[in-house]
Amino acid sequence: MTTGKVTLLGAGPGDLDLLTLKAAKALAAADIVLLDDLVNPDIVTLAPPHARVIRVGKRGGCRSTPQAFIERLMCRYALRGAHVVRVKGGEALLFGRAGEELKTLRDAAIPVEIVNGISSGFAAAASLGVSLTHRDHCQGVTFVTAHLQDHGEPDWARLAATGTTLAIYMGMSRIERIAAGLLAALPVSTPVAAVQWAGTPDERRWTGTLARLAQGVADAGLGSPAVILVGAAIGEAAALAGPAAGAASANGMPAARAMPPISRAA
């Protein structure tokens, strides 16, 4: 029997219009679709009628499909000759366990292809209308997860000292500790934003200062999945609102700039 192949596919933040043409073509050729929990479920409409869809949800703090089981599924079907499309939310190579899956597939001599997607950090920045690498404010961007493999946390003060915009993933359950760690190296006035369900119709946002991060997000009722953006470049989001920011419409933004709901803190 001829061995099939596996495609690791980044499905982006949720808006199917943000899928690449390559992603759509891969889905159209799928025999098996392994669907991550954070992916827009409508993505399965791009797969052919004969494709089998298997939901393999993985959510922090929730009951999840074990990673080893997902890897066994990929190998099992690919070794039977199937084209397996492993659909991940956001970007397949960013905090998506792709490294482990690539090793497993290569050890089994299974061909693998990677199709990139748009990460929620970029979708959040686009929604806020800011550049993560605005050269007037920073020298780069650092993508970091709030959860280390040993369940510890990154050295927030050291990350803050890099002079880059921080895009923090999977940090909502640790937001108080994140804020405290960053405040050890950054001014209380440092601009921050938290964006939940970035790039989807359900998106919710809060912008403010580092001193108010934990309380502001709690008051706004934001939760997971969300990305936290920290750094001077994020201050451009408040600048865009201008002096009319106090005259908000029903969706929380100035009436002249209708956008998804946003809560704003001083």
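1. A good place to start is L18, which sits in the loop that connects β1 to α1. This is a predicted model, and in it L18 has a relative accessibility of 34%, so this leucine counts as partly exposed.

2. What does L18 make together with I118 and F122? These residues form a nonpolar patch on the surface, with an area of about 240 Å². You may like to display L18, I118 and F122 together when you look at this patch.

3. Next comes helix α1, which covers residues 21-28. Its buried residues are A23, A26 and L27. Viewed down the axis of α1, they fall within an arc of 100°, so they line one face of the helix. The spacing fits the usual geometry: an α-helix has 3.6 residues a turn, so residues three or four places apart point the same way.

4. And the other side of the helix? There, L21 and K25 of α1 are exposed.

5. Which strands do the buried residues of α1 pack against? Their partners are β1 (5-10), β4 (83-88) and β5 (112-115). Taken with point 3, this places A23, A26 and L27 on the face of α1 that packs against these strands.

6. Lastly, a word on the cysteines. C75 has 12% relative accessibility, so C75 counts as buried, the cut-off being under 20%. C138, at 13% relative accessibility, counts as buried too. How many disulfides does the whole structure hold? The search finds zero.

Key. Residues numbered from 1 in each chain as written. Predicted model: local features only at pLDDT ≥ 70, side-chain atom pairs only at ≥ 80, totals over all residues. Heavy atoms only, no water. Disulfide = S-S within 2.5 Å. Buried < 20%, exposed > 50% of the residue type's maximum accessible area, 1.4 Å probe, protein only. Helix = DSSP H or I, 4+ residues; strand = E, 2+ residues; numbered from the N terminus. Arc of directions from axis to C-beta. Contact = heavy atoms within 4.5 Å. Patch = residues over 30% accessible without salt bridge, like charges linked within 9 Å, V, L, I, M, F, W, Y side chains within 5 Å. Areas by Shrake-Rupley, 256 points an atom, 1.4 Å probe, with all protein chains shown as cover. Salt bridge = Lys/Arg side-chain N within 4 Å of Asp/Glu carboxyl O.
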